[in-house]
Structure formats: C-alpha cells, structure tokens
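Trainee: I should like to request a close look at the salt bridges of this structure, with enough of the surroundings to place them in context.

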Amino acid sequence: MAQGARRTIVEVVGVVLLAVAVTAFLAVAAVRHGFFDLQVYYGALRWWARDGGELYDYLRPFTQYGFTYPPFAALVMLPMAYVPWLVAIVISVTATVAVTAVLFWWLVDPIARRAGWTRWLALAVALCLAAAFEPMRETVNFGQVNMLLLFLVAVDLLRLLPAGNRWAGVGIGLATAIKLTPGIFIVYLLVTRRWRAAFTSMATAAGATLVAAALFPDASREFWTEALWNTNRVGDLAFVSNQSLRGVIARLDPEHPSTLAWLVLVLGTLALWAWRSRAAAAAGDEATGLALTGAVMCLVSPVTWVHHLVWLLPALILLVDNAMAAPARGRQRRLLLAAAIVGYGFLISRIVWAWERDFTGLDGFLGSNTYVWISLALLAFVPIRRAAAPAGSPVEAPGVPQLDQPDRRAPAGERHRVGRPLSVR
C-alpha cells in the first residue's frame, strides 16, 4: 500500500475515533433543551403570521419567554411559520453546521497550509472539537442564531474588508438589524476609522429596519417603544448562565445589583478593547479585531447566555494560530497552546453550573463567573500580529518578539490572510 493511502486511512480512522469520543462526551455532558428558543421563534411567528396575533404579545406556554429580536429578524425568519416543526429544526441545524464549516475553513485552513497539516483533517478535527464546545452545543440544542450572526460579521471582517471590497459592512449591518448586539462591530469600524465600511453597515442596518417598519408598522412600534425595554422577557440577570459583567455584578447582590459598578467595569473594558482594536487594525490583523470585538461584546452586553459565547471561538482558534506560527520549541508556543487548551477545557466543562443554585462565597464568585474570566483574558492577551519585517530590515517595534518567517510552503497570496505567520505584540 502506498504511503499516501496509508496516511489517509490513518487520518480517516483518527477522525472517526475522535467523532465517536465527542459523541460519547455529548451523551454525558450535553443538556437537551428541545430546541427551546427555536420553539419560541416558531410559535411567535405562527401566532403572528397565521393566527392574527401580535408578534411581541406571544409568550411560550407556561414561560415568560417571547420573541425578543427586532422586526427585521421576524421578516427573515417568516418562512418558518409555514413549514412543519421538524423542517424548522432541520433548517436550523443545517444552517448552523454549514456556516460553522465555512467560518472554520477560513480560520483553520491557512494554519493547516502553513504547518503542513492535511487540510481536510484540520477542518474535521476543528469541527469535532467545536461540537463539544458548550456554547456551540447550546446554540444547536436551543436552536439559536448565534453562528449565523457570527458568520455575517466574519464575511465582512475576514473577506470583504481586507480585500477593500465596497460591500464591506453589509454583513455587520444585517446582523445588527437581526439582533442588536452585533452593532458593536459598527463601533469597531468607527473606532478603527474604517469610515466607508462603518457607514455601509449603518446604512444597511437602518435600511433593513426601515423596510421592516414599512411592512410591519405595528410590530415595529411595539418593539422599539415597549418590548425592547422589557427586561423581564430575557430572564434573571443573576442566573449563572449570564456570563457577562452584568451577570458578575448581579450575582454579588441579586436583590440590588449596582448599576454604577457595572458601568465602571464596562467603561474600563471598552477602553481596553478600543486600545487593542486600534492596534489590531493598524497591524492589518482583522481576525484579531473580530476576536477582540466578539469577546468584548460578550462582556459588556447586559445578558450573555452561555450559548452567546460562540463569539469566543475566533479568539481560541487564533491562540492556536499564533502558537503554530511561533518557534517550534519556544516558550511562546507552549504558553499559547496551553492557554488555548485551558480555555477550551473550561468551555466544554459546564463548570459554572456547579454554582447554579448557590454562587455565594469566594468559590462561588470565582467559579460561577469562570467564562467571564476567560473572556477577559482573551480580550487582554490574544496576540496582535503584524507582518514580519523583511530579512535584514529594522524591526518596526523594538522589543516586540518576532514569530517565524513565512513558511515557504504557504502560497504567497495566503500570507496576508488569516493564519499568516506574523509577529506578536
């Protein structure tokens, strides 16, 4: 048997074994939510489109949960009202898997090329590991839209903006019109002075919102004047699943959480993010800009349920990316790989749920907010990378460690993209 064929067989067997191991892990660790959030969308849309009810008056039976997204999201999801429930589940899961595969291809494939890994194998391993990732499995089990929104933003930041495409910003605008929190990426474009993309995203979000308002004036009026401000619709801020800074403050004093303390933390976090984001943009490192902004969005949003933390995936992948671009036996590679493994390990573990009923005491403070600490660490320490200086030229930033020079196996056209071997600051 040829060596290439033998290697392929070994790789296929390895992926199958990993998939079996992940499946076994999920059988034990994954919580089945019965597509709870998808049921809310489905029920609200059918109530609105087919039963003549008001969109934001609908509550899932025996719960306080209703449709919380802007009317444009309802417009995008409207076909769901006319398909059977099982078809809605298939569409939700298929769409999530498809966009995850494409996003991972963008992030992982350049690393595989540079490191000499088999490209399909790298993608398959990454997808298996993603399936065990608690925010990802929660997204699928709830029937959430998180990965679809992350994909829309990534289209802009990883593909269109680096290429100077005039349509850069449309994806961010659409994501913002569907769910307001991705609007922080518009702020990212403003902070980093990409004016054209910023105004494109604002125009897209405004246009989509106005289209929805023209088609559904009653629903739009109710959302922007009432439903948006009704915090009872989203759940208890102190609930352990709320892994945001607001959740940290709420768990310190569930009866009287300090808004002032929260605002101080938010302002400090935003200042750190703005500083690092501008450095990433100046270095042309759009992938790190995506990672930093995804992390800060999770931190400053009043509500960040565990499934929202799929926005941390780019940061974790970039830790591996930077590790593989560092010297093979160097301390930097070991530290970055260790950080990626520890962060991923905690984020598959369901550790915060050990304090679901009692988050008092020092152990409760540290343990119930574990994912918040990871988000803060990623925001502060994910490396920002700039193109390595040509051989023999002075280093632009004295004292900044350099990663390996571009691997000659990587096509020249790939070296400016995600996964390129760059220096770290």
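Mentor: A salt bridge is taken here as a side-chain nitrogen of Lys or Arg within 4 Å of a carboxyl oxygen of Asp or Glu. By that criterion R194 forms a salt bridge with E286, and the closest N and O atoms are 2.5 Å apart. R194 lies in the loop between helix 9 (184-191) and helix 10 (195-215), while E286 belongs to helix 14 (residues 286-300), so the pair ties together parts that are 92 residues apart in sequence. Both R194 and E286 are buried. Salt bridges that share partners also join R114, D285, D321 and R385 into one network. In the whole structure, a search finds nine salt bridges.

The coordinates come from a predicted model, and confidence should be considered before the details. The mean pLDDT of the protein chain is 90, and 89% of its residues reach 70 or more. Over residues 388-417, however, the pLDDT is below 50, although this stretch has 45 contacts in the model beyond near neighbours in sequence. Residues 419-425 likewise stay under 50 in pLDDT, and the model has 44 contacts for them beyond four places in sequence. Where pLDDT is low, the predicted coordinates should not be read in detail.

A second group of salt bridges centres on D109. Side chains of opposite charge can pair when their charged atoms come close. R113 forms a salt bridge with D109, with 3.1 Å between the closest N and O atoms. Because R113 and D109 are four residues apart in helix 4 (residues 85-115), about one helical turn separates them. R119 also forms a salt bridge with D109, and here the closest N and O atoms are 2.7 Å apart. R119 lies in helix 5 (residues 119-132) and D109 in helix 4, so this pair ties together parts that are ten residues apart in sequence. As to exposure, D109 is buried, with a relative accessible area of 6%. R113 is partly exposed at 25%, and R119 also counts as partly exposed, with 33% relative accessibility.

The elements around R194 and E286 can be followed further. Helix 10 contains S201, which counts as buried at 0% relative accessibility. Leaving out residues up to four places away in sequence, S201 touches G169, I172, G173, I186 and L189. At the other side of the pair, the loop between helix 14 and helix 15 (313-325) holds S301. S301 is buried, with a relative accessible area of 10%. Beyond four places in sequence, S301 is in contact with T181, S244 and R246. The C-alpha atoms of S301 and I184 are separated by 9.8 Å, although these residues are 117 apart along the chain.

Nonpolar packing completes the picture of the interior. The largest nonpolar core has 109 residues, and those with the most contacts inside it are F67, L103, L157, F185 and W311. Of these, F185 touches V153, L157, I172, L290, T293, G294, M297 and W311, not counting residues up to four places away in sequence. I172 is thus a contact of F185 and also a contact of S201.

On the surface, V12, V16, V20 and W120 make a nonpolar patch of about 340 Å². Helix 1 (residues 3-29) supplies the largest share of this patch, three residues. V20 is found in helix 1 and is exposed, with a relative accessible area of 52%.

For the chain as a whole, there are 18 helices and two strands. Buried residues make up 51% of the 425 residues. Among contacts between residues at least 6 apart in sequence, 73% join residues at least 24 apart. The accessible surface comes to about 19300 Å², of which 68% belongs to carbon and sulfur atoms.

Conventions
Residues numbered from 1 in each chain as written. Predicted model: local features only at pLDDT ≥ 70, side-chain atom pairs only at ≥ 80, totals over all residues. Heavy atoms only, no water. Core = buried A, V, L, I, M, F, W, Y, C linked by side-chain atoms within 4.5 Å. Buried < 20%, exposed > 50% of the residue type's maximum accessible area, 1.4 Å probe, protein only. Contact = heavy atoms within 4.5 Å. Patch = residues over 30% accessible without salt bridge, like charges linked within 9 Å, V, L, I, M, F, W, Y side chains within 5 Å. Areas by Shrake-Rupley, 256 points an atom, 1.4 Å probe, with all protein chains shown as cover. pLDDT = per-residue confidence, 0-100.
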